[in-house]
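Visitor: I should like to go through this structure with you, one question at a time. Please reason each answer through before giving the result.

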Amino acid sequence: MKHSMMPERREGPVDPMPKSPRPLEEGGGPRRPESGSPDKDNLMKRMRKVDPKQAERYRQRTGE
Amino acid sequence: MRLFGIETEYGITRDDVPEMDPVVESMELVRAHLAASFERRWDYAGEDPREDARGFRVSGLQQDREEDEFAKADAHRPFSFHDMKSDLVLPNGARFYNDHTHPEYSTPECRTIRDLLAQDRAGERIVLRAAQRRNQMLGGGHVKLYKNNTDFHGHSYGCHDNYLVSRAVPFPALVAGLVPFLVSRQVIAGAGKVGTEAQESGYVPGRYQLSQRADFMEAELGVDTMHNRPILNTRDEPHADRRKYRRLHLIIGDANMCEYATALKVGTTRLVLDLIERGAAPEIELDQPVAAVKQLSRDPDLKAVVRLKNGRRLSALELQESYCEAARRELAGSDEESDWLLAEWGDVLHLLARDRSQLVGKLDWVTKQWLLETFMREERIGWDDPWLASLDLEYHNVDPEQGLYLGLEADKKVWRVTTDDAIEDAVRNGPRDTRGGLRGVCVQRFSDQIKSIQWERIQFSGGLCTHNLDMGDLFNSEDVRGCIDIFQHAHSPVDALATWSHRKDMET
């Protein structure tokens, strides 16, 4: 699929800060993610380390 | 409260050999879990994937020919079928084995979403530690594991969610109530995928879609799981008293990294089953459900509408809202977990329509899309760049040092229920209120006396006789706790069985 054929895309989130969910039960609920952007440098560094050809080499047998 | 569990087949690679042998690597990965040599214990009686819930038994499965070819190719190996499967039951009551060349972790049966999340995350740690031990043996970090569902070359592997359902519910009612829900569930539970593909045919890079599995759905109903995969699998393998129960075996779902997505995937399905049992599910009939799965998956803007048999057209969000509304009307106030699920279900549908940035760290497809779009801006590349499929794959790497999702988790940017302590406890113990926990206690205390074991039965050796713990109808939580207590404190399984039998006699 060429990029130009892609449907118009809504801008993705840039500053993820999910709001605090309700607890599942008393005595300890889900923990709210820390506010602010993720450490972009760390994450980008990790992403840049991924070999662009990795998916091309990745082969599995069919499972269920 | 009903029981549920998740089976996850992991993708496996090894990078220090030109061509990996998937049979050997999967088998060795599972065996790396063991401190001692493998002993065959799993009892395959009760497993019959040809039995169909529609009331018949098929003569064969579409995978049979391919399986036969693999069996021929694998015949030269110095392993038996049981060696290759390497079926293990773990101290938490989970099953860990090589299923179709994928290491598979099946959680023990759970009664609460909180337990299920801990057990699912425990599975990630168990397979990771097995990979680390295997890598120590190989002398390098060569083996990697992925909690995903595609190899981007037309081969898919599953993450199945399972639910205990009363046999009194007619199967057609399950079909009618579930199909529109499952077709649209991907807006919450999709893991996101770069590109499109089809069963064993070419991968087309570019288009981002909600689901990893949608491309592989080829039928509305069916007993097959490896070819011609259905939206609703009709395998009738209850792993329980067949007269009273079904096991709903759903193969349409993606493997989720986000705990929130796992919670809502299983939690909302549980609510819909409650609706169906009460005869209160929305009456919606899709015109072409199989086409609808793909159509909705390939529309991350969530604007697509699918046609109903009555001519109306609804979007994925509208389909989900119909179910959420019905569940709110019928099930509000049932219990604390249901109320939490109802509130979150409504919120997530609202946010998907209006501000999905709030769902980064909660839904996989939204989180992955955000990661990839951030990367694309930084690197000035487009959706057709092959790097994106590799990043998609790496999102699912279960190694915290490498995986992209786990990198976000380490930065505390994702929503969590579990704690590290809860996950470690789930590695060691099953839920105390289900037969999964009981199975685990038996493994912990009497492993050397277990002659055979499976989901609904454990056979102990003792003297000249064998002694069975039958769990085919052991679902009442108080009964389970009582039985666990007996096995926890008995001197031998024979003593425990005698005490348990006596208690049941007294009750009747």
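Visitor: In which sense do strand β1 and β7 of chain B pair?
Guide: This is a predicted model. Strand β1 of chain B covers residues 4-9 and is joined to β7(B) over 3 bridges. One bridge partnership sets B:Glu7 against B:Ser106 of β7(B). The sense of the pairing is antiparallel.

Visitor: How many bridges join strand β6 of chain B to β7(B)?
Guide: Strand β6 of chain B spans residues 95-99 and runs antiparallel to β7(B). Within this pair, B:Tyr97 stands opposite B:Glu104. The number of bridges is 5.

Visitor: Which residue takes a positive phi in the hairpin of β6(B) and β7(B)?
Guide: The hairpin leaves 2 residues between its strands. A positive phi near 55 degrees occurs there, and the residue that takes it is B:His100.

Visitor: Are the residues of strand β7 of chain B buried or exposed?
Guide: The strand comprises residues 102-106. On one side lie B:His102, B:Glu104 and B:Ser106, and on the other B:Pro103 and B:Tyr105, with both faces covered. Of its 5 residues, the number buried is 5.

Visitor: Which are the edge strands of the open sheet with the order β17-β18-β19 in chain B?
Guide: This sheet has 3 strands with antiparallel pairing. An edge strand here pairs on one side only. The edge strands of chain B are β17 (450-453) and β19 (465-470).

Visitor: Which residue of β18(B) is the bridge partner of B:Ser452?
Guide: Strand β18 of chain B, residues 457-462, runs antiparallel to β17(B), and 3 bridges join the two. In β18(B), the partner of B:Ser452 is B:Gln459.

Visitor: What angle does the direction of helix α15 of chain B make with that of β18(B)?
Guide: Helix α15 spans residues 435-446 of chain B and packs on the sheet. The helix touches β17, β18 and β19 of chain B. Its direction makes an angle with that of β18(B) of about 20 degrees.

Visitor: How far apart do the C-alpha centres of domain 1 and domain 2 of chain B lie?
Guide: Chain B is divided into domain 1 (4-421) and domain 2 (434-507). The C-alpha centres of these domains are separated by 31 Å.

Visitor: How many charged residues has the side of domain 1 of chain B that touches domain 2 of chain B?
Guide: The contact takes 18 residues from domain 1 of chain B and 19 residues from domain 2 of chain B. On the domain 1 side, 8 residues are nonpolar and 4 are polar. The number of charged residues on that side is 6.

Technical notes:
Residues are numbered from 1 along each chain as its sequence is written. Chains are lettered from A and ligands numbered from 1 in the order in which they are written. This is a predicted model: local features need pLDDT of at least 70, side-chain atom pairs count only at pLDDT 80 or more; totals for chains, interfaces and linings use all residues. Two strands pair if DSSP finds at least two bridges between them. Helices (H or I, at least four residues) and strands (E, at least two) are DSSP runs, numbered from the N terminus. Two residues are in contact if their C-beta atoms, placed from the backbone, lie within 7 Å. Axes are lines fitted to C-alpha atoms, for helices over the stretch in contact, and angles run from 0 to 180 degrees between N-to-C directions. Domain bounds come from an automatic or database domain assignment. Ala, Val, Leu, Ile, Met, Phe, Trp, Tyr, Cys and Pro count as nonpolar, Asp, Glu, Lys and Arg as charged, and the others, Gly among them, as polar. A residue is buried if 20 or more other C-beta atoms lie within 10 Å of its own, exposed if 12 or fewer, and partly exposed in between; C-beta atoms are placed from the backbone.
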